Structure formats: structure tokens, C-alpha cells
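Subject: Structure handover

Hello,

Here is the structure I promised to pass on. Please open it next to this email and follow along.

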Amino acid sequence: MIEKRTPIPVGDAVNRVMKFAGTGKIEWVPIKQAYGRFLAEDLIADHDIPAFDRSPYDGFAIRSEDTGSKKNVMLKVVGEIGAGSLHAKPAEPFEAVRIMTGAAIPEGFDAVVMLELVKEHSIEGKKFIELNRAYNKGDNVSFKGEDTREGTVLVKKGTPVNAGISALLATFGYHSVPVSVKPVIGVLATGSELLDVEEALEPGKIRNSNAYMILSQIERAGAEALYFGKLEDNFNSCYRTIQTAMKQVDLLITTGGVSVGDYDYLPAIYEKLNASVLFNKVAMRPGSVTTVAEVNGKLLFGLSGNPSACYVGFELFVRPVIRKEQGNELPHLKKVKAVLGADFKKANPFMRFVRARIGFEEDGRISVTPSGFNKSSAVSSLADADVFILLPGGTRGYEKGMLVDALLLNDVSGSEWPWENIVPSYR
Ligand SMILES: Nc1nc2c(c(=O)[nH]1)N[C@H]1C(S)=C(S)[C@@H](COP(=O)(O)OP(=O)(O)OC[C@H]3O[C@@H](n4cnc5c(N)ncnc54)[C@H](O)[C@@H]3O)O[C@H]1N2
Ligand code: MOO
Ligand SMILES: [Mg+2]
């Protein structure tokens, strides 16, 4: 008699998994290797930016009070500085300093006039400038602290380092950067039909594509992959390899062998491992057979062998664990509202995750269009998928133009919890 499985809602399944997401350790990496890593400490400004009043233009530093409301004011040019140089002598009345963008405003000067707005004169070998309007204190000055004040928390711990954060890390002298150690994710493909990538096709066999897909998904999610190869559907060899692999990784992903077929050995392997199964059926398509088990707090993800189901299972269940373990508070895929770009009439009792392309309507709204053959076994539509369209089950299908929810796959900012308020689509 085939075991009866009870499907649970996707949100409940994600919740059960997230309870076992631990917290990683800290390591220091050179700033050039920090891109994409998750900050392990808050980034706090330890000085003002700018750290001194400076010129935003190439021009002349002047004393505004010298300009009054008069025309034809003549100022004597008493020095020249480029960015990085200082003019040490404090200002005297009717003096100016030729100053370049980024240079510190010398003491006693309080405004800058752009080069284009002055007339330059040379009188008896001395340089003068002529001004024809009044200036106020602070005109054309970039003030100390106008960008950021000392003590401001600029980036919260757990945020992935982007290009802007790299600039801040450099600004504040982070030669090396505290980041969370990447969790190590084991990958093992099961299936007697699987050929290695370099092997020629044979009747009844297919190349193992899931493993390479998952290795890429692991990298996108921000973890380290450890690949244990592919195994035939054989209880003993799968059991032994899983047992050994578990010792070397923070969590293990297997693909295939997780359903109810004669050669689907994962359920029996969980039993022999004394693993507690968090769920073995999720009310979703594809990926309904996705199974997650736990042994001594370590997670075992039994992703489906079907490529699209495997892909979806990873993004919904593994990605948030990877990100939460690195201190990220927004570990889930980001949800947006979008206009459905094509009919999707296939009804299903379960929530559907349709692989789709993102685009724009003529009015500027986001549109999402299924990216091709959308069965659980599909591999081709994954190449062109940058969102999952979320279609709640229990309706008669969906029509082009309806407003739907979609989860962004390439977004790095993430979301706290996308699993509320997913309502059947509406116009
Ligand atoms: N009687 C039932 N049959 C099936 C059920 C069910 O509820 N009752 N569920 C179906 C659903 S839904 C799915 S999804 C699949 C899940 O199957 P498994 O996770 O056990 O995976 P396999 O049987 O090993 O393989 C399924 C499919 O995927 C191909 N595959 C496997 N590994 C790879 C790989 N590494 N790269 C590319 N493709 C792979 C494999 O050849 C099969 O075609 O079960 C349904 N059946
Ligand atoms: O688990 Mo299967 O992919 O629902 O199609
Ligand atoms: Mg199977």
C-alpha cells in the first residue's frame, strides 16, 4: 500500500524549515573579496563625510563679506590648491585662493566662485579676480558631515555587500571586512538514469542537469557548494554517501528519489538515519513531493528529481536558510504585483509557481509572462525565468491582464515573509 502523504501549505512548510536555520560564524575577508558577502557587523560611520568643508567646483575660495552688493570687486589671488593639498595661511580681507574640486576650503574663506564666473587679471605680475555679484556665506561649499554624520549606522549587519557598500567600507577604512562564513551546502543527485555531462546519450538515459542547476542556485543564494556527484538508485550506496556527506556540510540537498516509486529510496533513508521528517508533501506545483528532514538539527533537503520542481524547491526552502544563517533579515524572495502577460488556464488545487519572464506593460506596470513549457519536468523554461508567478490553487485558471503576485529570482534585497495575503488574481 502506497504511503498517504498530507500536503501542507507552502508558508507552513517554509516556517518549519526556518526553525532549523542556525547562525553562522564570522570571518574577515579582504575588501576586494567582500562583494556579495553578508556583513557580520553593523557598518557605522566613525567620522563625518565629508570630513572637512570642501569645494564642489573648480574656482576660487573667497570671503563672502568682501563681495557685499558691489560690482567689480577685485580680490587678490594668494594661493592655488588642488584636491589633497592645503592652503595654510588664514584668509585676509580681499583675498582669494584658486581652489579645485575636492580641496579643503582654507580657514577664513566661506564661499566658492566657479572659474567660469570670474574675470582674471594680472596687475604688475600679481593675480587678481574680478567679481560682479554678491555671494553669501556657504555658497558653493560642500559642508563637513553633509553626506553622513559620525555615528550613523549606514548598513545593518546581515546585508549583502553591494557596490555602494564597497564604497562605504573603503571610505571607513575597512581593509578587511567582517562577513558571515558561507554555509557549506552538499549536493547529491540520485537516479540510475543519470549520465555525467561529458557522456554520450544512451537510450532511456538523461544527463544530470539538476546538480549543475543547484550548484548555480547555491552560488546565487550566497553559499558554498560541495558536490558529491551522482548515484544510482540503490538504497545502500545512497544511504552511505548521505551519511558521510552529512558530516562535511551544514546542510545537504539530494535530488530525485523522493516520491513514492519503487526506486525512490529517500523516504526509507530518512527513516534509517532516524531523521525527523518536517514534511513530505507541500501544497504546491511543481515540487509537491519536496521533503525536508532533520537529523540532530542538520537539514536534509529532498528536492524532486523533476528539474522545475527541484529549482522551485531550492528557491522556496533552501535559499532562505542560506541567507538567514548569514544574519540576513530578509531571506525570502521578494514579492511584487504584476500583470499576467498570457493566459494560464491550467487549474490545480495547489498553489502554482509558474516560471516566467519579467517585462513591462505599455503603462509601465510590471508584466510577467510564462517562460515556456511549464511542466514539473521542464528544463527549457528555467533558462528564461526571472520570476515565479504565484497562482493560488482552487480557481479555474488565470487570464492575461489579471493582477497577480510574483516572486523575483534575481533580486538580492529579499523580503521578510512573502507568504501572507496571496489572494487569487483579480483584474
Ligand atoms: N504515483 C505517483 N507518482 C508520482 C508522484 C506521486 O505523487 N504519485 N509525484 C510526481 C511528482 S509531482 C514528481 S515531482 C515526481 C518526483 O519524483 P522524484 O523526486 O522521486 O524524482 P525521480 O523519480 O528520481 O525523478 C523524477 C524525474 O526527474 C528526472 N531527474 C531526476 N534526477 C535528475 C537530474 N539530476 N537531472 C535531470 N533530471 C532528473 C528523472 O529522470 C525523472 O524523469 O514524481 C512524480 N510521480
Ligand atoms: O512535485 Mo511534482 O513537481 O509537484 O510536479
Ligand atoms: Mg521518483
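Start at F94. This residue is partly exposed, because its relative accessible area is 37%. F94 sits in the loop between β4 (73-81) and β5 (95-99). Its phi is positive, about 60 degrees, although F94 is not a glycine. One caution before you go on: this is a predicted model.

**Other backbone points**

N274 also has a positive phi without being a glycine; the value is near 60 degrees. Look for N274 in the loop between α6 and β16 (276-279). With a relative accessible area of 67%, N274 is exposed.

Next, the cis peptide bonds. One joins I49 and P50, with omega about -10 degrees. P50 belongs to the loop between β2 and β3 (59-62). Another cis bond runs from R285 to P286, and its omega is near -5 degrees. P286 is in the loop between β17 (284-285) and β18 (291-295).

Now find Q33. It lies in the loop between β1 (26-30) and β2 (43-44). Its relative accessibility is 52%, so Q33 counts as exposed. Q33 and V161 are 128 residues apart along the chain, and their C-alpha atoms are separated by 10.0 Å.

**Helix α4**

How far apart are the end C-alpha atoms of α4? They are 16 Å apart. The helix has 12 residues, and at 1.5 Å a residue it should span 16 Å, so the two values agree.

Several residues of α4 are buried, among them M213, I214, L215 and I218. The buried residues of the helix pack against β11 (184-190), β14 (224-231), β15, β19 (298-303) and α7 (307-324). Just after α4 comes G222, with a positive phi of about 100 degrees.

Take Q217 as one example from this helix. Q217 lies in α4, which covers residues 210-221. Q217 is buried, because its relative accessible area is 2%. Leaving out residues up to four places away in sequence, Q217 touches Y311, F314 and E315.

**Aromatic rings**

How many aromatic pairs does the structure hold? There are 7. Take F235 and Y239. Their ring centres are 6.1 Å apart and their planes are at 0 degrees, so this pair is stacked. Why are the two about one helical turn apart? Because they are 4 residues apart in helix α5 (residues 235-248).

Is F235 buried or partly exposed? It is partly exposed, because its relative accessible area is 21%. Y239 is buried, because its value is 12%. The cut-off for buried is under 20%.

F235 pairs with Y265 as well. Here the centres are 6.2 Å apart and the planes are at 85 degrees, so the pair is edge-to-face. This pair links distant parts of the chain: F235 is in helix α5, Y265 is in the loop between β15 and α6, and they are 30 residues apart. Y265 is partly exposed, with a relative accessible area of 24%.

There is also an aromatic cluster. Y311, F353, F388 and W419 form it together. You have met Y311 already, as one of the residues that Q217 touches.

Some rings have a charge over them. The charged end of K272 sits over the ring of Y239, 4.5 Å from the centre. R133 lies over the face of Y135, and its distance from the ring centre is 4.0 Å.

**The magnesium ion**

Look at ligand 3, a magnesium ion. Which residue supplies its protein donors? D264 does, with two OD entries lying 2.3 to 2.4 Å from the ion. D264 is in the loop between β15 (251-255) and α6 (266-272).

**Cysteines**

The disulfide count comes to 0. Why is C238 not bonded to C310? The sulfur of C310 is the closest cysteine sulfur to that of C238, but it is 15 Å away, which is too far for a bond. A disulfide needs the two sulfur atoms within 2.5 Å. C238 counts as buried, because its relative accessibility is 2%. C310 is buried too, with a relative accessible area of 0%.

Best wishes

Terms used:
Residues are numbered from 1 along each chain as its sequence is written. Chains are lettered from A and ligands numbered from 1 in the order in which they are written. This is a predicted model: local features need pLDDT of at least 70, side-chain atom pairs count only at pLDDT 80 or more; totals for chains, interfaces and linings use all residues. Side-chain values use heavy atoms; hydrogens and water are left out. Buried means under 20% relative accessible area, exposed over 50%, partly exposed in between (1.4 Å probe, protein chains only). Contact means heavy atoms within 4.5 Å. Donors are N, O and S atoms within 2.8 Å of the metal (3.2 Å for Na, K and Ca); water is not among the atoms, so sites may look incomplete. Rings of Phe, Tyr and Trp (its six-membered ring) pair if their centres lie within 6.5 Å; planes under 30 degrees apart count as stacked, over 60 as edge-to-face and the rest as tilted. A charge sits over a ring if NZ of Lys or CZ of Arg is within 6 Å of the ring centre and within 35 degrees of the ring normal. The expected span of a helix is 1.5 Å times one less than its number of residues.
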